Amino acid sequence: PARAILTVSKEGEVPVEENHNKIISRAAQSVLRPMGLFRKGQSRLWVDDNGWFLILVEFQPSGWDRGTYLNVGIHYLWHGKDYLSFDYGYRVHEFVSFCEGEREFEQAVVSLAEQAAETVLDYRGFRDISQAVRRIEARCARRESQELYDRMMICGLARSPAAADYGRRLEEDVKHSSLRYETEDYREWVEEIAPLVRDRDGFYEYIVEKVSARREFWRGKAGMKKLAAEWEM
């Protein structure tokens, strides 16, 4: 739990207990909530629901100092993970320390929230599937198999024949992978997808069903019930 501090705004006043987490919460609420984002429980994570993907805004704490980093990125809902991840995007701003002072910290955090809002607006552009395809395909690979999988899936949502091409490349990459855990995971995915990947409509429906299942999964988790029950491409 975060430590509380005592501050005195004027000489002679009774010290007021203030918590740097509350400052972060106020700034996020004032900037992000009017945009339609919701807070995941009492955490520092804010979520923007965009159908097949979520935009995550994280005011990430540090283990060595009070303050926050700012991370903003996209989580693809075609993944079967039981945790939220930054699949596209991540660190937007380095650590801002509370040690600079309460007023300075509050100003800095408001600035971070505004920066997060700008990034959210940019990432909402992924609602346009053609833009999402261009940006995901142009991304430099972090891990080849993961990137091929994500490119295959976005092309599947776009009903693009490129999905089958990425599927073949993914299968080859998996066969020659030296990472056993990766090989097993991706072979399973490829075997499940292989019969469908050349059928544009069939593969599209497969992905939509997978996204719907993950949305239902997340709606059952604490702090995530504000995800819409219904969604559209």
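This section describes the predicted model of the protein chain, from its overall composition to its sheet, the helices packed on that sheet, and a loop with the helix that follows.

The protein chain comprises seven helices and seven strands. Read from the N terminus, the order of elements is β-β-α-β-β-β-β-β-α-α-α-α-α-α. The chain has 233 residues, of which 48% count as buried. Its accessible surface amounts to about 12300 Å², and carbon and sulfur atoms account for 49% of that area. When contacts between residues at least 6 apart in sequence are considered, 54% of them join residues at least 24 apart.

Five of the strands form an open sheet with the order β3-β4-β5-β6-β7, and the pairing is antiparallel. The edges of this sheet are formed by β3 (38–39) and β7 (91–97), each of which pairs on one side only. In general, the strands of a sheet pair through backbone hydrogen bonds, in either a parallel or an antiparallel manner. Within the present sheet, strand β4 (residues 45–49) runs antiparallel to strand β5 (residues 53–60), and five bridges join the two. One residue pair can be specified at this point: L45 has E58 of β5 as its bridge partner.

Two helices are associated with the sheet. Helix α1, spanning residues 20–32, lies across β3, β4, β5 and β6 (67–76), and its direction makes an angle of about 145° with β5. Helix α2, spanning residues 102–123, also packs on the sheet, where it touches β4, β5, β6 and β7. The direction of α2 makes about 10° with that of β6. Strands β4, β5 and β6 are thus listed among the strands met by α1 and among those touched by α2.

Further along the chain, the loop between α4 (144–157) and α5 (162–175) contains R159. The phi angle of R159 is near 55°, a positive value in a residue other than glycine. R159 counts as partly exposed because its relative accessibility, 35%, lies between the 20% limit for buried residues and the 50% limit for exposed ones.

Helix α5, which follows this loop, consists of 14 residues. From its first C-alpha to its last, α5 reaches 20 Å, close to the 20 Å expected at 1.5 Å a residue. The buried residues of α5 are A162, A163, A164, Y166, G167, L170 and V174.

Conventions
Residues numbered from 1 in each chain as written. Predicted model: local features only at pLDDT ≥ 70, side-chain atom pairs only at ≥ 80, totals over all residues. Heavy atoms only, no water. Pairing = 2+ DSSP bridges. Helix = DSSP H or I, 4+ residues; strand = E, 2+ residues; numbered from the N terminus. Contact = heavy atoms within 4.5 Å. Axes fitted to C-alpha atoms, helices over the stretch in contact; angles between N-to-C directions. Buried < 20%, exposed > 50% of the residue type's maximum accessible area, 1.4 Å probe, protein only. Expected span 1.5 Å × (residues − 1). Areas by Shrake-Rupley, 256 points an atom, 1.4 Å probe, with all protein chains shown as cover.
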